[in-house]
Amino acid sequence: MVAYLIRRLINAVLTLLVVTLVTFGIFFMVPKLTGSDPALLYIGKTADKVAVEGIREKMGLSDPILVQYGKFLKGIVAGRDYANGPDVQHCDAPCLGYSFKTEQEVTPLLMDDLPVTLSLALGAAILWLIGGVTAGVISALRKGSIPDRAVMFIALAGVSLPIYFTGLLSKQIFVNWLGWLPEGNYVPFLESPSEWFIQMLLPWITLAFLFAATYARLTRANMLETLGEDYIRTARAKGLTERIVIGKHALRSGLTPIVTIFGLDLGALLGGAVLTEAVFNLRGLGYQALQAIRGNDLPVILGVTMIAAFFIVIANLVVDLVYSAIDPRVRLG
Amino acid sequence: MSRKTRAIAAAGVALALGLTTAACGGSKSDDNKTSGSGNGKSAYNAAITSVVNPSTTKGGTLNLWSAQDADFWDPARGYYAFVWNLNRLYTRKLVDYASAPEKPGLELQPDLASALPEISADKKTYTFKLKSGIKFDDGTPITSKDIKYGIERIFAQDVLPGGPVYLIDILDQGQGYKGPYKDTDPNKLGLKTVETPDDSTIVFHLKEPKSDFLYLLAMPGAGPVPQKRDKGAQYNAAPASSGPYMFKEGSIQPGKGAMWVRNPNWDASTDTIRKALPDQINLTVTTNAEDMDSRLIAGTADLDVGQTGVQAASRTKILQDPTLKANADTPTTGFIRYAALSTNVAPFDNIDCRKAVIYAADPTSLQTARGGPIAGGDIGTSMLPPNIAGSDTKYDPFNRLQGKPQAEEAKKALTACGKPNGFDTKIAVRNNKPAEVKTAEALQAALKAVGINAAIEQYDGGNISSVIGAPDNVKSKGYGIEIAGWGADYPTGSGYLQPLADSRFILNNGNYNLPLIKDTSIDALFDQAAGETDATKAADVYSQINHKIMEGAYYLPFVVDKALNYRNPRLTNVYIHDAFGMVDFQALGVSDGK
Amino acid sequence: MSLGPEASVTDEESALTADAAEVRGPAEKAIAGRSLKQIAWRRLKKDKVALGGACVVIFLILIAILAPLLTKWFGHPIDEFHNETLDPTFGTPKGAFGGISTEFLFGVEPDSGRDIFSRVLYGAQTSLTVAFLSALVSTILGVIFGLAAGFLGGWVDATISRVMDFLLAFPQLLFSIALVSVLPYEMLGLNARWSRVAVLVCVIGFFGWPYIGRIVRGQTLSLREREFVEAARSMGARSPRILMRELLPNLAAPILVYTTLIIPTNILTEAALSFLGVGIPPPNPSWGGMLSSAVPVYQIDPMFMIIPGTLIFITVLAFNLFGDGLRDALDPKAR
């Protein structure tokens, strides 16, 4: 078990390293291949030679790429210093870099946006888990019935709807036509829980709908498979009540795969729900990443990619561990 | 030479048109009286010509909103127009723009200086005396050395990039000064062309006369900075204040906003420009412009400091509701949106081919692409915005005001150019400006009708200085048509036109004389204007330059930019300041004291 | 599929085949003397919903191919401006429902008056081209690497599996945006539209291959141990022959199913990238791009958002219905 854990952890760290290296490579190499200057990308609107040289020096852009990468890694582990005029500026570990475009450290900037993404992902996750699994279970138990068909059709429609369309549509309907909800503007939970709830409601529902559709389909398929297994038949033959058969046996093994996927989905969302955040103007990690990409703010792009990969890798790890705990068939080793 | 980055900023400094706007803005249909210079009542476009709700009531909190964060709060680095405007709250300069609507607002008044400078007979030496009793927010007196230090910081482009660099061009004079951080002078005051003989005197030595010099000193970067509090790039997180308001400690939150409270060490008797009515000023940066609009209309937000206009949905709402409309203005922002025709790309080396493009363009579809007559602006006819002395809105050499493409004229021009069946070219456009992309599409469609096939090429907007700003690149890529926009950094004819048309302003990188106009007679006219002390005569010279540019068919002006902005009815002292093309933020107060 | 914009990272099909031991080769069921093709076709014929999906798909492909003709007959050129159809003050279409009329079947675009009907037809061209070609790229890569991993085993399998895990554990949408946005608009001598299509095909196709790869690997692993492969090997067949003659035909069914199912995801991804401003550059229409330009005006001209959105929905739904049906037909136990 310990050896397995250590191996998984090493794997996770390696994956993170590769993600950063690839991101790093793309953003430093591609501009070179296409003939534009990364330093110029940084300052954007000014082209003053002195300014470009200053940026190049500060960013260490003249160093070989591996040296730059090494410095970046060192910053995460031990923090690093940036020369900035009269002062040397220290960036504490975990230092994800320093955005010269906005004159701020990347780590606190992203930590600022994290609560928004957390609110969005967790709230939506609760909704879709409840909604999707319930619909899936009902569907499976009443296979072939009208409710089953309706659920399955809605679910299929749900996975076929792009969120940037449902998002706009729901805004148009609930905000503009019906006037039930206000125009979105995120309010932190600690500032006003009720406002926070009202503001997040539409993004939650829209995002959850998409996922609930997938989960309903998945739950139904798994449940059907489980219900066909011998041990369920045995349980029924033993005369156990339907309630116990379904609630204790079928659900447990039918839902095991859901746990896996739930973990992975949540991990992916925590790295920034780019489209949802863009449609609902939520300043979360995904929104920040989009802004950074549009403004060529490499340190921020790298930072978000790191955090996103971090969540995905952690989610994978957790899922594997949980899976091994709840499914005895999985051997560790 | 000066860097023309201004137009690239999302909201560059803009000059507003005073009188003319009301005439074309459609205020006739309004039920409110907009006549004359105002009775102080709120009406559609009333803030353009008069002070709406004049008042001296102090107190309350002003709630400013913006859909875009400041570029930099550091006065040496900010370049957005609204940031320059907000700098009036916390940065005083030797001279600053007067507090008044229309033309009087363009007048420079002594601010930290006790009077306008004494200028030597050869017009090369400017001597300012400072007022007494002027202090920073921590109570230390402001001396001439603080002003010099502030100006020196602009030279440190390696640490503090972002702001305008006009003063480097004028004051360096071969010294190669690298800014105070690399200064070997023990007091870090090594810039030779600026002298501070005593704490209340500052002397500027120019190499040659520059009639616009005072305008450069009115930019925020020429404000005082206390050396002790300067932390280089980090100064941006807590700039010192010399004005009536200072940043509340720790209130600057990137991407979220800032807060100002009263500066206890500001003495109203030393300041003839600022009113300082509210007790506190909050700026909230939002990611949702539609939310900001609905708050403005609901009265929970006071003003959009971006002043770039409300979103399409609110535009419709405001214009269709007379009560809302009475609290809205559509000032011109001082920008002209245009296409430049590159003379170094064939066949635009031929004037008739350039004329063909101008005639073939559809003025109305270009105007609609920019947002229509109210949110977009009036159809552009020449290259001098209406508020700058020397402009003439009736001057329409290509007959664009009638609103239709002129295929006949275009065909004639094509024949004269030797390309009767048209030709192929490319339109270069920034990918991050949806309205510019739309105008490129509109232009492409109109040119197709006369046989000119223009392919649209988008480029990363951040790279403007090395893409269309580099003539060699333009030539090798074959960008015959370049979409751009330009607003002046200071409101004079040379401030606006020189970067666009003076051959000596052509740069290898960051060029803004996009057509590469090399006309010695135009250059000579600029020199004549620089030496002209009589404003009326200068205006006449600028008018001549404008005519010469249009006769050369170098530019195709799309629109004279406008923006529909809404103001909360509770605001007092609202007027459009012509130097910024937007409401003068420092003058605002709130009537209900909240 | 995870590239599928903010969709669940794992869809049910990959969950079922995640464990190689659980994979049931479709070949198993082909014991009744009838070929799998015949059985599948019989089942598919009975599945009305799937056939409906197939009809819509065929219809969409047809209109995409015939877009130039249809535009000529029923519409206006995609880049022709019609100022006369717009309100001069607001730039919004005159008339109800976004200016829908007999002249402009789907109304006109705000601020330009361009014909939305023509633009969505050409948008279908772009969407379907990108979706099909990127599915093809994913399939080719997935089959090559999946076969290699499953058949060769050892370090090859270990390496390829790690790469697949890595790609799946990757912030893909973010990365695609970043990647696409730094690439130039024109390259390889193609014009802006087709070079961007090529870029999108490569990026979407590249991030999609691990899904196919995992399935192919799993199937190969189980097929490798089957008697008929053993038999072929004992008769002296060499690896290439076993791969081409014995394994690939048996893999055809799952490959076909998952290729079909990856197409709708690709349509969504292409639209998402265009929506985020890194897709097909204007004036070339794309559905995602149209939705993106509808964002500032959706409140005053909802039709401009509804039309491309609905089209994306119908297209993706049709592919999903057909893909589901195909899977059921080829492997009924998967449901």
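1. A bit of vocabulary before anything else: a residue is called buried here when its relative accessible area is under 20%, exposed when that value is over 50%, and partly exposed in between. By that cut-off, four of the five residues of β7(B) are buried, so this strand is largely enclosed by the rest of the structure. Keep in mind throughout that you are looking at a predicted model.

2. Staying with β7(B), let's look at its neighbours. Strand β5 of chain B, residues 125–129, runs antiparallel to β7(B), and five bridges join the two. Within that pairing, F204(B) of β7(B) has Y126(B) opposite. On another strand, β6 of chain B (residues 194–198), the arrangement is also antiparallel, with three bridges to β7(B). There, T201(B) in β7(B) stands opposite D198(B). β6(B) and β7(B) make a hairpin, and two residues sit between them.

3. Follow the chain on from β7 (201–205) and you reach the loop leading to α6 (213–217) of chain B, where E208(B) lies. Is E208(B) buried or exposed? E208(B) counts as exposed, because its relative accessibility is 54% and the cut-off is over 50%. If you want a sense of distance, pick G418(B): this residue is 210 residues away from E208(B) along the chain, and the two C-alpha atoms are separated by 46 Å.

4. Chain B also has a domain split. Domain 1 is assigned to 46–284 + 567–590, and domain 2 to 334–562. Their centres, taken over C-alpha atoms, are separated by 33 Å. How many residues are in contact across this pair of domains? On the domain 1 side there are 14 residues, and they are in contact with eleven residues of domain 2 of chain B.

5. Next, take β17 of chain B (residues 481–487). Seven of its seven residues are buried, so the strand is largely enclosed by the rest of the structure. As a reminder, side chains in a regular strand alternate between the two faces of the sheet. For β17(B), both faces are covered: one side has I481(B), I483(B), G485(B) and G487(B), the other has E482(B), A484(B) and W486(B), and all of these are buried. Yes, that list includes a glutamate, E482(B).

6. Which strands pair with β17(B)? One of them is β13 of chain B, residues 332–341, which pairs with β17(B) in the antiparallel sense over seven bridges. β15 of chain B, residues 424–430, runs parallel to β17(B), with two bridges joining them. E482(B) turns up in both pairings: this residue is the bridge partner of A340(B), and also of A428(B).

7. Over in chain A, there are 13 helices and four strands. The chain has 333 residues, and 57% of them count as buried. Among its contacts with a separation of 6 or more, 64% are between residues 24 or more positions apart. Its accessible surface comes to about 14400 Å², and carbon and sulfur atoms account for 68% of that.

8. One chain A residue to click on is N281(A), in the loop between α11 (274–279) and α12 (285–294). N281(A) is buried because its relative accessible area is 15%, and the cut-off is under 20%. What does N281(A) touch, leaving out residues up to four places away in sequence? The contacts are K171(A) and Y287(A) in chain A, plus T287(B) and N288(B) in chain B.

9. Chain C has 13 helices and zero strands. Of its 335 residues, 60% are buried. For contacts with a separation of 6 or more, residues 24 or more positions apart make up 73%. Chain C exposes about 13100 Å², with 67% of it supplied by carbon and sulfur atoms.

10. Finally, have a look at the surface of chain C. A nonpolar patch there is formed by I58(C), L62(C), I65(C), L66(C), L69(C), W73(C), F74(C), L105(C) and F106(C), with about 870 Å² of accessible area together. The elements giving two or more residues to this patch are α3 (48–65) and α4 (67–74) of chain C. I58(C), one of the patch residues, is found in helix α3. With a relative accessibility of 51%, I58(C) counts as exposed, since the cut-off is over 50%.

Notes:
Residues numbered from 1 in each chain as written. Chains lettered and ligands numbered in written order. Predicted model: local features only at pLDDT ≥ 70, side-chain atom pairs only at ≥ 80, totals over all residues. Heavy atoms only, no water. Patch = residues over 30% accessible without salt bridge, like charges linked within 9 Å, V, L, I, M, F, W, Y side chains within 5 Å. Areas by Shrake-Rupley, 256 points an atom, 1.4 Å probe, with all protein chains shown as cover. Salt bridge = Lys/Arg side-chain N within 4 Å of Asp/Glu carboxyl O. Buried < 20%, exposed > 50% of the residue type's maximum accessible area, 1.4 Å probe, protein only. Contact = heavy atoms within 4.5 Å. Pairing = 2+ DSSP bridges. Domains from an automatic or database assignment.
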